[in-house]
Structures are given as C-alpha cells and as structure tokens.
Amino acid sequence: MSEEIVRVSRVGRMPIPIPPGVTVSLSDKRVSVVGPGGALEHTLPESITIKQEDSQLFVERSNDERHSRALHGLTRALVNNMVVGTTQGFSKELEIVGVGYRATLRSPNQVELALGFSHPVVVDSPDGVTFEVPTPTRIVVKGADKAKVGQVAATIRRLRKPEPYKGKGIRYAGERILRKAGKAAK
C-alpha cells in the first residue's frame with residue numbers, strides 16, 4: 001500500500017505567457033528571449049526542460065528528486081523575469097539622505113555621487129543598465145535584467161549605508177531605517 005506522493009511546484013507549473021513582439025528561441029539547454037527592451041539568455045539546468053505551445057512556455061522537470069523540484073520553480077521564475085524584462089523592464093529607486101549628499105548624471109551609464117567623502121564617487125553601469133536622476137537626491141536604476149538592476153542598486157547603496165542615528169546615507173525608496181536614540185543627557 002505504498003502511495004507515491006507527487007509534489008508539484010506551484011510556481012513551476014504555471015505557464016509563462018509570451019506577449020506579442022517577444023520572440024523566444026529554445027536550443028539545447030539555452031533559452032533566448034528577444035523583445036523591445038532588449039535580449040536576454042539563460043542556460044537551463046540538466047533536469048529542466050521548456051516546451052513552447054502557442055504563445056505560452058511550460059517549464060517541466062525530468063524527475064521528482066529534491067534538487068529537480070528546487071530548480072523547477074526557480075527556472076520558471078527566471079524565464080518569466082526575462083520575458084517581463086524585455087517587455088516592461090525593471091527599475092529600482094534609491095533615495096539619498098544627508099546634508100550635501102547628492103547625485104549628478106554624467107551620462108545614462110554613469111552617475112557621480114557626493115557622499116561626504118573627500119572625493120566624488122563615480123559609478124559605471126554594466127551593459128543593459130541605465131541611470132536616471134530625477135532630483136539630486138533620487139537615483140533610478142533601470143534595465144531588462146532583474147538581477148543586474150538589483151545588483152547595481154545594492155552596490156550603490158553599499159557606498160554609504162543608512163546609519164541608525166541620523167538616518168544619513170543611501171536607501172531604497174520606501175525603506176524604513178530603525179533609528180537609535182543618541183546619548184541621554186544627565
């Protein structure tokens with residue numbers, strides 16, 4: 001009376017819709033997505049396959065091993081992010097807090113930051129990532145690759161993390177900083 005339990009990833013079993021204007025090409029273990037926002041590629045793990053039917057992609061796994069189950073949902077999410085990134089794109093917004101702290105845009109791929117150091121800090125973006133500076137205290141990082149956008153935003157934030165006493169530094173838009181009380185006067 002041994003019943004075999006089949007576990008199905010809730011994320012992995014959802015189909016990925018392909019919007020008009022996006023082309024997906026599958027070859028061996030490579031997935032390429034080309035859209036109006038750019039082109040992205042991903043290499044699939046050994047136990048994962050992708051099928052294209054009509055205007056949808058289906059991610060499937062070859063076995064029910066723990067490692068394959070873990071990669072099933074992950075691969076589906078990564079390929080979905082590729083489709084969304086090439087159509088709509090991703091962005092991360094950063095806020096700069098502090099007297100004299102500001103950002104200036106040198107080019108769409110380069111931003112100069114004044115963060116209280118003795119010198120300005122210049123940040124270059126990798127291919128496919130651009131910067132916007134709507135105000136001197138806001139930076140918008142945009143791109144088609146969600147991982148690259150997040151990594152560039154994290155790198156900029158790491159230059160001057162928000163400190164807990166006055167809250168000065170670079171933070172994500174909407175991020176709450178837990179504040180500490182200063183020294184108590186006697």
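## Helix H1, its two sheets and a pocket

In E6, Gln 56 is the residue that stands opposite Pro 17. That pairing is a good place to enter this predicted model, and we can work outwards from there.

### The three-strand sheet

Strands E1 and E6 run antiparallel and are joined by two bridges. On the E5 side, Gln 56 in E6 also has Glu 53 opposite. E5 and E6 are likewise antiparallel, with six bridges between them. Further along this pair, Ile 50 has Val 59 of E6 as its bridge partner. The hairpin of E5 and E6 leaves two residues between the strands, and Asp 54 there adopts a positive phi near 50°.

Put together, these strands make an open sheet of three, ordered E1-E6-E5 and paired antiparallel. E1 and E5 each have a single partner strand and stand at the edges, so one side of each has no neighbour in the sheet. Helix H1 packs on this sheet and touches E1, E5 and E6, with a direction about 160° from that of E6.

Which side chains of E6 are buried, and which are not? Leu 57, Val 59 and Arg 61 point to one face and are buried, whereas Gln 56, Phe 58 and Glu 60 point to the other face and are not buried.

### Helix H1

H1 covers residues 66-87, which makes 22 residues. From first to last C-alpha the helix reaches 33 Å, close to the 32 Å expected at 1.5 Å a residue. Its buried residues include Ser 68, Leu 71, His 72, Thr 75, Val 79, Met 82, Val 83 and Thr 86. In general, an α-helix has 3.6 residues a turn, so residues three or four places apart point the same way. The cover over the buried residues of H1 includes strands E1, E3, E4, E5, E6 and E7. Just after the helix, Gly 89 takes a positive phi of about 85°.

One loop residue links several of these pieces. Ser 47 sits in the loop between E4 and E5. Is Ser 47 buried or exposed? Ser 47 is buried because its relative accessible area is 13%, and buried means under 20%. Leaving aside residues up to four places away in sequence, Ser 47 touches Glu 60, Arg 61, Ser 62, Ser 68 and Leu 71.

### The four-strand sheet

E7, one of the strands that cover H1, belongs to another open sheet, of four strands in the order E11-E12-E7-E13 with antiparallel pairing. Its edge strands are E11 (129-132) and E13 (169-172), each pairing on one side only. The twist from one strand to the next averages 25°. E7 and E13 run antiparallel and are joined by four bridges. Ile 96 stands opposite Ile 170 in E13.

Here are the strand pairs with their bridge counts:

| Strand pair | Bridges and sense |
|---|---|
| E1 and E6 | two bridges, antiparallel |
| E5 and E6 | six bridges, antiparallel |
| E7 and E13 | four bridges, antiparallel |

### The largest pocket

The largest pocket holds about 170 Å³ of space. Its lining consists of Leu 40, Glu 41, His 42, Leu 78, Asn 81, Met 82, Ala 144, Asp 145, Lys 146 and Ala 147. E4, H1 and helix H2 (146-159) are the elements that give two or more residues to this lining. Met 82 ties two parts of the picture together: it is one of the buried residues of H1, and it also lines the pocket.

Conventions. Residues are numbered from 1 along each chain as its sequence is written. This is a predicted model: local features need pLDDT of at least 70, side-chain atom pairs count only at pLDDT 80 or more; totals for chains, interfaces and linings use all residues. Side-chain values use heavy atoms; hydrogens and water are left out. The expected span of a helix is 1.5 Å times one less than its number of residues. Buried means under 20% relative accessible area, exposed over 50%, partly exposed in between (1.4 Å probe, protein chains only). Contact means heavy atoms within 4.5 Å. Two strands pair if DSSP finds at least two bridges between them. Axes are lines fitted to C-alpha atoms, for helices over the stretch in contact, and angles run from 0 to 180 degrees between N-to-C directions. On a 1 Å grid over the protein atoms alone, a cavity is a set of points where a 1.4 Å probe fits but cannot get out, and a pocket is an open set with protein on both sides within 12 Å along at least five of seven lines; lining residues have an atom within 4 Å of a point. Grid points are joined across faces, edges and corners, and a volume is the space filled by probe spheres set on the points.
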